[in-house]
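Colleague: Could you take a close look at one part of this model for me, the place where neighbouring chains meet? I'd like the whole story in one go.

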Amino acid sequence: MKPLLATAAMAFAASTASAQDLSRTLPDAVGHVAPALESYSNDDLFSSVWKGEELSARDRALVTFAALMTRHETDNLADHVALALEAGVTPAEISETITHLAFYSGWGNATAAARAVAPVFDERGVTADDLPAVDPELLPLDEEAEAKREENVRGNFGDVSMGVVDNTRELLFRDLWLRPDLEPRDRSLITVAALIAAGQPEQMTFHLNRAMDNGLTQEEAGAMLSHLAFYTGWPKVFSALPVAKEVFEARTE
Amino acid sequence: MKPLLATAAMAFAASTASAQDLSRTLPDAVGHVAPALESYSNDDLFSSVWKGEELSARDRALVTFAALMTRHETDNLADHVALALEAGVTPAEISETITHLAFYSGWGNATAAARAVAPVFDERGVTADDLPAVDPELLPLDEEAEAKREENVRGNFGDVSMGVVDNTRELLFRDLWLRPDLEPRDRSLITVAALIAAGQPEQMTFHLNRAMDNGLTQEEAGAMLSHLAFYTGWPKVFSALPVAKEVFEARTE
Amino acid sequence: MKPLLATAAMAFAASTASAQDLSRTLPDAVGHVAPALESYSNDDLFSSVWKGEELSARDRALVTFAALMTRHETDNLADHVALALEAGVTPAEISETITHLAFYSGWGNATAAARAVAPVFDERGVTADDLPAVDPELLPLDEEAEAKREENVRGNFGDVSMGVVDNTRELLFRDLWLRPDLEPRDRSLITVAALIAAGQPEQMTFHLNRAMDNGLTQEEAGAMLSHLAFYTGWPKVFSALPVAKEVFEARTE
């Protein structure tokens, strides 16, 4: 039985984040300056929130990374990338998350994230072979849905900025979103996390619906909101809750 | 009379921030790159705004720290913590502000603030004894107001994310807000400052009302808006003004 | 003919940003961690977007600097200031942009920008003589428009915070906006860029109208939105598009 147990334990290790791994994301200064915050971190955030079964530790690590990157919290990124890798996010998925969020949270957040991640990749022997190709074979496009989206955006904003309309179509929906090294469900997940972190619930309806079309469950979405409250601050999540509520209700009608 | 005068002078020193203290928060590079900005800083912000009697220098230092922490301006925090300590904010209040704003502006802002504050505390001989206990005796809870708040939030968002509903009740309103080392009025003050700094006036109504229930005057709130304009930028305050106006008007009806 | 050509080439160099200059803003870590992002940077952002003729390279460099400064992306500022200087933005305009955006995006963004810019100025031999005077002769004020603006703001918010009302009049509209070392059109341009970058489209109507009153064309405004999408993230621009649309439509009625 022992090997089986060992295998199970390894699988478990790959899909969770231990309280020990998590506490590495907390600088010593916290205990020195705010012992109460250290206690909330260890007793609530790391031991309870991160263990919640409604959302996998792997997804929690991925949305946390997306939120920190969006907030340009470069001082925190290296520890959280290490955590994400230990929780089962692949280097290719980290790479692809950075590229994706360059478009969704700004180029400078992505270049700063690359700077923070490079030494972590080096340390772990991640090489170019582990990373997504520049020009991979793209996933098939849902032409009908894309035609509808494009028509809507061009109809609304074609007179304002054809550059935005054209780049959105060519770079985002006919290219970036079809890159195969991050599942569409995960692209949507990090996009929604980035919108919450950036305080842009007004842009969330389309992407939360897309996330759920791509397989994110309502339970997972609710757990993501609860998780992100710690990393983005409660008010960002309270501004996102009414939008999530509307999306959930519209989908069950 | 001399000792009395000296005492008075010390009390004065403890409740104001001198233009000299303030000018330490301005890096030399400013005069080098933007002499006009140096002049606005010294002649207007430090010599006039900070001296405004509608809001104490202690409160100004506290809301400035809250705003900078919320904006992740880690490069500026150490100087502003030193300033806050000199203006009469206690180390325990700084510590508690960091813990409080972990929940209201995100964990990474709080851990970065702890990193920036630790050397300032060390330098001034602040030890664990000066800081709030992890598990202090909590202030009494207004059960009726809390029941109403909880019912409202659960009714609105219980179907969306019970995690948010539960954590808001257990961690925030039955714990954090009752911690005794920062006055409820001051918790509200830093929360409102954080909401303005984060560009979230849509979450301000509840907290500005709570601040005023807890003793913040309308004159102080108005002066806080005027003060924060410099540290958050004018547009953040212009988006907060209509919300403050509504709150003020509703309270005088 | 050679000198003439050389002069033409220099003029050209002064008004564009070469792909080589631009690629200096991309840290090596990007190619190491996210080769796809490096490719999007070189093949799309630097080679195509920046070359778009609807907006000059000089204006692109100026709005990019304004956006990065507003986002407190201090790690990226030095390279982008160098780029701006090479694209024809003068040191005086950079200095004045920092002073202007202290008021429009917060003091800490401006002091951090000064820190990042100081070594670039030093390296290039920029001295105090190249920078705007502290107290220059101000541009003439449009008293009628200013009276209308002031009346509107005082009427709305005089009861909330006379400090904001007074400082807005004295420091911003009767002083900062009249400083001669940055054209009114450029002040408006960086203000609008800062509002988009800060996620504050709700404050954009007044300033985009003012920008267009001051000479910004609709084509330039549209190209700015398209350009900024890369540096602020797409969602910030999608939240700004409806406001731009309203402004454009109201001006053609």
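Modeller: First, a word on how the copies are compared: they are superposed by least squares on the C-alpha atoms of residues with pLDDT of at least 70 in both. Keep in mind that this is a predicted model. In general, two copies of a chain are related by a rotation about an axis and a shift along it. Here, chain B goes onto chain A with a rotation of 120 degrees and 0.0 Å of shift along the axis, at an RMSD of 0.0 Å. That is the relation of a three-fold axis. The two copies use different surfaces, since just 2% of the contact residues of chain B recur in chain A.

Now the interface of chain B and chain A itself. Chain B brings 46 residues into contact with 41 residues of chain A. Together the two chains bury about 3600 Å², and carbon and sulfur atoms give 65% of that. Three residues stand out on the chain B side: B:W107, B:R115 and B:V160 supply 20% of the area that chain B buries against chain A, more than any other three residues.

B:R115 turns up again when you look at charges. The interface has 1 salt bridge by the rule, and B:R115 makes it with A:D75, with 3.9 Å between the closest N and O atoms. For that pair the cut-off matters: a side-chain nitrogen of Lys or Arg has to be within 4 Å of a carboxyl oxygen of Asp or Glu. Polar contacts add to the picture, with 19 residue pairs found across the interface of chain B and chain A, both residues at pLDDT 80 or more.

Which elements of chain B give two or more residues to this side? They are α7 (91–105), α8 (107–123), α9 (143–157) and α10 (162–173). α8(B) gives the most, with 12 residues. Sorted by class, the side of chain B that touches chain A has 23 nonpolar, 17 polar and 6 charged residues.

Step round to chain C and chain B, and you can go through that interface in turn. There, 46 residues of chain C are in contact with 41 residues of chain B, and the buried area is about 3600 Å², with 65% of it on carbon and sulfur atoms. On the chain C side, C:W107, C:R115 and C:V160 lose the most area to chain B, together 20% of what that side buries. The count here is 1 salt bridge, in which the side chains of C:R115 and B:D75 meet at 3.9 Å, N to O. Polar contacts come to 19 residue pairs between chain C and chain B, both residues at pLDDT 80 or more. α7 (91–105), α8 (107–123), α9 (143–157) and α10 (162–173) of chain C each supply at least two residues to the side that touches chain B, and α8(C) gives the most, with 12 residues.

One last thing, inside a single chain. Chain A is assigned domain 1 (3–131 + 179–252) and domain 2 (140–178), with C-alpha centres 27 Å apart. Their contact takes 13 residues from domain 1 and 8 residues from domain 2. The two domains bury about 910 Å² between them, 71% of it on carbon and sulfur atoms. The rule finds 0 salt bridges across this domain interface, and 3 residue pairs are in polar contact, both residues at pLDDT 80 or more.

Key. Residues numbered from 1 in each chain as written. Chains lettered and ligands numbered in written order. Heavy atoms only, no water. Contact = heavy atoms within 4.5 Å. Buried area = accessible area lost by both parts, 1.4 Å probe. Polar contact = N/O pair within 3.5 Å; in protein donor to acceptor, adjacent residues only side chain to side chain. Helix = DSSP H or I, 4+ residues; strand = E, 2+ residues; numbered from the N terminus. Nonpolar A, V, L, I, M, F, W, Y, C, P; charged D, E, K, R; others polar. Domains from an automatic or database assignment.
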